[in-house]
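Biologist: Let us go through this model by question and answer, beginning with the overall pattern and then turning to particular residues.

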Amino acid sequence: MTQFPDDDKPLVEFLRQHRGHIPPSAPDLESQIMQAVASAPPQPQWRRQRWILPSALVASLLVTWAGYRVLVPNTASTASTNTAELEAFLATNWDSVVAGETPASSSSQDAEADWLLSEN
């Protein structure tokens, strides 16, 4: 028998004194249940499979959302890291255009131009 803590003993005694009587079960209860199951009309095929369409829609939405999140770059982080390089490139080219000179062909400017063209 299970041992109860001392503070539960009054509750256990109360429940033992006031427990209800279990009614006797019907002798043919099992046969009644089996008859009810056998006489129930079968469910149509569409009712059993009606959950397929909503779950397919939800799955396709999740795949679309996840694919979009993976394929689209995070523009906030990309913009913040490349802003300084872009500003320097534009300032160099603007100064040479305003001064009327041809821009000095340096390898860093060529690399920056290649980088800008490859981004788009």
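Biologist: Which pattern does the chain of this predicted model follow when read along the sequence?
Modeller: In this predicted model, the assignment gives 6 helices and 0 strands. Read along the sequence, the elements therefore appear, with strands numbering 0, in the pattern α-α-α-α-α-α.

Biologist: Which element of the chain has the highest mean pLDDT, and which the lowest?
Modeller: Over the whole chain the mean pLDDT is 79, and 70% of the residues reach 70 or more. Among the elements, the lowest mean, 66, belongs to helix α6, which covers residues 107-119. The highest mean, 92, is that of α2.

Biologist: What share of the residues of the chain count as buried?
Modeller: The chain exposes about 11000 Å², and carbon and sulfur atoms supply 63% of that area. Buried here requires a relative accessible area under 20%. Of the 120 residues, the share that counts as buried is 5%.

Biologist: How many of the 20 residues of α4 are buried, and what distance separates the end C-alpha atoms of this helix?
Modeller: Helix α4, residues 52-71, is hardly covered, since the count of buried residues among its 20 residues is 0. At 1.5 Å a residue, the helix should span 28 Å. The distance between its end C-alpha atoms agrees with that expectation, being 28 Å.

Biologist: Is Val37 buried or exposed?
Modeller: Val37 lies in helix α2, which runs over residues 29-39. Together with Leu29, Ile33 and Met34, Val37 forms a nonpolar patch on the surface, and the accessible area of these four residues together is about 390 Å². Because the relative accessibility of Val37 is 57% and the cut-off is over 50%, Val37 counts as exposed.

Biologist: Which side chains meet in a salt bridge, and how are the two residues placed along their helix?
Modeller: A search of the whole structure finds 1 salt bridge, in which the side chains of Arg16 and Glu13 meet at 3.4 Å, N to O. Both residues belong to helix α1, residues 9-17, and because they are 3 residues apart, their separation along the helix is about one helical turn.

Biologist: What are the relative accessible areas of Arg16 and Glu13?
Modeller: Neither end of the salt bridge counts as buried or as exposed, because both values fall between 20% and 50%, which makes Arg16 and Glu13 partly exposed. For Arg16 the relative accessible area is 35%, and for Glu13 it is 41%.

Notes. Residues are numbered from 1 along each chain as its sequence is written. This is a predicted model: local features need pLDDT of at least 70, side-chain atom pairs count only at pLDDT 80 or more; totals for chains, interfaces and linings use all residues. Side-chain values use heavy atoms; hydrogens and water are left out. Patches are made of residues with over 30% relative accessible area and no salt bridge: like charges are joined within 9 Å, nonpolar side chains (Val, Leu, Ile, Met, Phe, Trp, Tyr) within 5 Å. Accessible areas come from the Shrake-Rupley method with a 1.4 Å probe; for residues, only the protein chains shown count as cover. Helices (H or I, at least four residues) and strands (E, at least two) are DSSP runs, numbered from the N terminus. Buried means under 20% relative accessible area, exposed over 50%, partly exposed in between (1.4 Å probe, protein chains only). pLDDT is the predictor's confidence in each residue, from 0 to 100. The expected span of a helix is 1.5 Å times one less than its number of residues.
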